[in-house]
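Reader: I have a structure to learn today. Please walk me through it, in short steps.

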Amino acid sequence: MMRGRADGAPRKRLLTSVSIVAVLLVFLYVYFGSKSGGESALEYGSRSLRKLGSSYLGGDEDGDLGTKQDDSAKFSLEDGEDGFVAKSFPVCDDRHSELIPCLDRHLIYQMRLKLDLSLMEHYERHCPLPERRYNCLIPPPSGYRVPIKWPKSRDEVWKANIPHTHLAHEKSDQNWMVEKGEKIVFPGGGTHFHTGADKYIASIANMLNFSNNNLNNEGNIRTVLDVGCGVASFGGYLLSSNIIAMSLAPNDVHQNQIQFALERGIPAYLGVLGTKRLPYPSRSFEFAHCSRCRIDWLQRDGILLLELDRLLKPGGYFAYSSPEAYAQDDEDLRIWREMSALVERMCWRIAEKRNQTVIWVKPLTNDCYMERPPGTQPPLCQSDDDPDAVWGVKMEACISRYSDHDHRSRGSGLAPWPARLTAPPPRLADFGYSSEMWEKDMQLWQRRVENYWNLLSPKISSDTLRNVMDMKANMGSFGAALKDKNVWVMNVVPEDGPNTLKLVYDRGLIGTIHNWCEAFSTYPRTYDLLHAWSVFSDIEKKGCSGEDLLLEMDRILRPTGFVIIRDKQPVIEFVKKYLGAMHWEAVGTADSTSDPDQEGDELVFVIQKKLWLTSESLRDTE
């Protein structure tokens with residue numbers, strides 16, 4: 001007996017010890033696993049953690065608030081949906097405060113995509129499948145503040161809003177940006193223009209003998225593409241000359257450069273000259289610019305330079321400021337000789353070369369192309385190639401010839417700015433639209449914008465809005481109606497409809513092609529106003545999720561920013577059910593009784609996004 005009792009005691013102590021160790025291990029696994037696995041989200045107003053279910057960040061399909069609720073994604077077009085109201089969304093982990101879903105390097109690693117880094121494929125769009133999308137609200141960074149207003153924002157932003165100062169240190173000798181207390185200041189410099197973008201722009205205009213050293217050339221240069229734009233000071237300083245630039249850069253080693261540009265209130269877009277055409281139609285820009293943009297223009301038979309050629313209007317310019325244009329070492333001289341030979345075969349000629357900058361000009365007609373000897377490279381594109389097809393279309397190393405109309409017209413036939421904003425462009429005929437339709441569309445959107453501002457007027461002043469997005473721009477008349485406002489508009493045209501984006505560019509505005517079933521190529525918190533005309537109805541026809549679109553709009557929208565939804569009544573009712581969950585509040589509505597321009601059962605719903613911080617952010621700011 002004594003022996004048996006003595007043998008049992010150690011066994012019990014061993015079992016107890018093993019149990020304690022097991023419990024401890026389980027606790028450590030749950031605690032640290034949830035922290036490191038990216039599968040948790042900080043709930044709004046709380047430090048508690050909630051799993052995201054089958055969201056982009058991973059997790060279990062447990063039906064929690066982070067899991068997509070399929071019934072709620074419908075627009076209540078059927079009976080029986082009236083009882084659903086979304087109560088809340090979880091908040092993404094703070095590490096995802098700058099998430100760009102289709103330009104997320106972590107996603108590329110997780111999906112094990114085999115990309116050619118030398119061709120910049122890793123900087124192109126790679127979107128998560130629906131089952132891998134995030135289903136949470138993107139939190140602002142610690143200490144976030146309502147952005148500084150334009151025009152002051154061109155020169156300074158709150159450091160807390162983009163808490164990245166590495167560019168200020170890395171580019172301190174080039175006057176890109178300077179850390180100054182609670183702010184980041186932009187002196188207006190760049191890699192090639194340390195003394196200021198304004199002087200550099202005037203020098204380019206002087207090279208071209210433009211009157212008063214003004215690059216807009218009496219309104220004949222309006223749209224500019226700045227590739228490898230840095231923090232977009234070049235584009236920012238063009239605005240005072242009535243020139244609007246699409247400042248383009250990838251999310252590369254100089255991370256956040258486009259985020260800084262948009263925070264400053266300067267038009268900008270995340271993109272790269274890689275393997276696919278840029279999302280702009282042919283003949284969109286009068287001027288292209290590259291200042292130390294570190295692009296290998298000779299690669300793949302000059303395919304990237306040929307993409308610029310596709311985008312330039314007849315007689316358009318390309319200003320190139322780079323060592324190859326002036327340096328005398330063997331490598332730079334070799335590149336210059338090969339690049340000069342390439343552009344000569346493309347029928348470009350040098351307009352001017354001075355100091356460290358060369359400016360080429362594109363021909364006005366097809367004459368030079370037709371006079372080239374047989375077999376000259378690069379070849380002309382095939383006759384069935386559509387130079388305006390851009391969404392997901394691979395670049396080709398060929399020259400896009402002009403249409404018969406442009407060839408005969410010896411140019412684009414556009415009026416100078418600002419007359420071109422309202423003058424019917426020649427390419428209107430490509431869609432079978434008449435001048436009367438153009439005029440009627442402008443008048444319609446002028447009245448609608450006036451009604452919008454009546455709804456917004458209790459909430460906004462003249463400097464409240466700066467970055468505006470028209471999510472379905474059609475011919476750009478919404479943006480044109482804002483010409484007297486101190487704003488710029490990103491005009492978005494659906495990828496599967498008429499490519500009216502070329503009409504947007506022809507009237508002197510800018511924009512991009514996009515599919516709203518996917519995330520937009522921008523950082524979180526970059527737009528003050530989103531205008532969604534029938535966008536929800538359109539994606540519903542494609543079988544895409546309205547809930548996903550709401551979350552994407554919230555990601556893009558700045559805190560205290562506004563959404564204007566013009567859509568059918570079931571869509572409006574659908575959105576209303578999500579107001580509390582999104583931390584949005586209704587500002588106003590309009591129907592046919594208050595807005596005679598409503599179509600059918602179309603309604604207008606104006607919403608404002610609240611400024612909120614996670615309790616973690618609040619704790620950090622105390």
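Author: One term to begin with. Helices (H or I, at least four residues) and strands (E, at least two) are DSSP runs, numbered from the N terminus. Also keep in mind that this is a predicted model.

Reader: Okay. Then where is P418 found?

Author: P418 sits in the loop between α10 and α11.

Reader: And the peptide bond from W417 to P418, is it cis or trans?

Author: Cis. Its omega is near 10°. There is also a cis bond from Q377 to P378, with omega near 0°. P378 belongs to the loop between α9 and α10.

Reader: New topic, sheets. In what order do the strands of the sheet with β7 come?

Author: β9-β8-β7-β10-β11-β13-β12. That makes seven strands in an open sheet with mixed pairing.

Reader: Which strands stand at the edges there?

Author: β9 (268–270) and β12 (349–354). Each has a single partner strand, so one side of each is left without a neighbour in the sheet. On average, neighbouring strands in this sheet are turned by 20° against each other, direction ignored.

Reader: What holds strands together in a sheet, in general?

Author: Backbone hydrogen bonds, with the strands either parallel or antiparallel.

Reader: So β7 and β10, parallel or antiparallel?

Author: Parallel. Three bridges join β7 (residues 223–227) to β10 (residues 285–291). Look at D226 too: it stands opposite H289 in β10.

Reader: Which helix lies across β13?

Author: Helix α8 (residues 330–345) does, running at about 15° to β13 (357–361). Helix α8 also lies across β11 (312–321) and β12.

Reader: What is odd about the phi of R294?

Author: It is positive, about 55°, although R294 is not a glycine. You will find R294 in the loop between β10 and α7 (299–311).

Reader: Now the sheet with β14. What is its strand order?

Author: β16-β15-β14-β17-β18-β20-β19, an open sheet of seven strands with mixed pairing. Its edge strands are β16 (510–514) and β19 (584–590), and each pairs on one side only. Neighbours in this sheet are turned by 20° on average, direction ignored.

Reader: How many bridges do β14 and β15 have?

Author: Four, in the parallel sense, between β14 (residues 467–470) and β15 (residues 488–494). The bridge partner of D470 in β15 is N491.

Reader: What does helix α11 lie across?

Author: Helix α11 (residues 435–456) lies across β17 (527–533), β18 (557–568), β19 and β20 (602–609). It runs at about 130° to β18. Helix α16 (residues 569–576) packs on the sheet as well. Helix α16 touches β18 and β20, and its direction makes about 150° with that of β18.

Reader: Switching to empty space. How many cavities of 30 Å³ or more are there?

Author: Six. The largest holds about 190 Å³ of space. It is lined by 17 residues, and the closest to its centre are R133, C517, E518, A519 and D548.

Reader: Which helix gives the most to that lining?

Author: Helix α15 (residues 546–556), with four residues. By class, the lining has twelve nonpolar, one polar and four charged residues.

Reader: Last topic, aromatic pairs. How many?

Author: The count comes to 25. One of them joins Y369 and Y402. Their centres are 6.4 Å apart, and the planes are at 45°, which makes the pair tilted.

Reader: Which parts does that pair tie together?

Author: Y369 lies in helix α9 (residues 367–371), and Y402 in the loop between α9 and α10 (404–409). So the pair ties together parts that are 33 residues apart in sequence.

Key: Residues are numbered from 1 along each chain as its sequence is written. This is a predicted model: local features need pLDDT of at least 70, side-chain atom pairs count only at pLDDT 80 or more; totals for chains, interfaces and linings use all residues. Side-chain values use heavy atoms; hydrogens and water are left out. Two strands pair if DSSP finds at least two bridges between them. Axes are lines fitted to C-alpha atoms, for helices over the stretch in contact, and angles run from 0 to 180 degrees between N-to-C directions. Contact means heavy atoms within 4.5 Å. On a 1 Å grid over the protein atoms alone, a cavity is a set of points where a 1.4 Å probe fits but cannot get out, and a pocket is an open set with protein on both sides within 12 Å along at least five of seven lines; lining residues have an atom within 4 Å of a point. Grid points are joined across faces, edges and corners, and a volume is the space filled by probe spheres set on the points. Ala, Val, Leu, Ile, Met, Phe, Trp, Tyr, Cys and Pro count as nonpolar, Asp, Glu, Lys and Arg as charged, and the others, Gly among them, as polar. Rings of Phe, Tyr and Trp (its six-membered ring) pair if their centres lie within 6.5 Å; planes under 30 degrees apart count as stacked, over 60 as edge-to-face and the rest as tilted.
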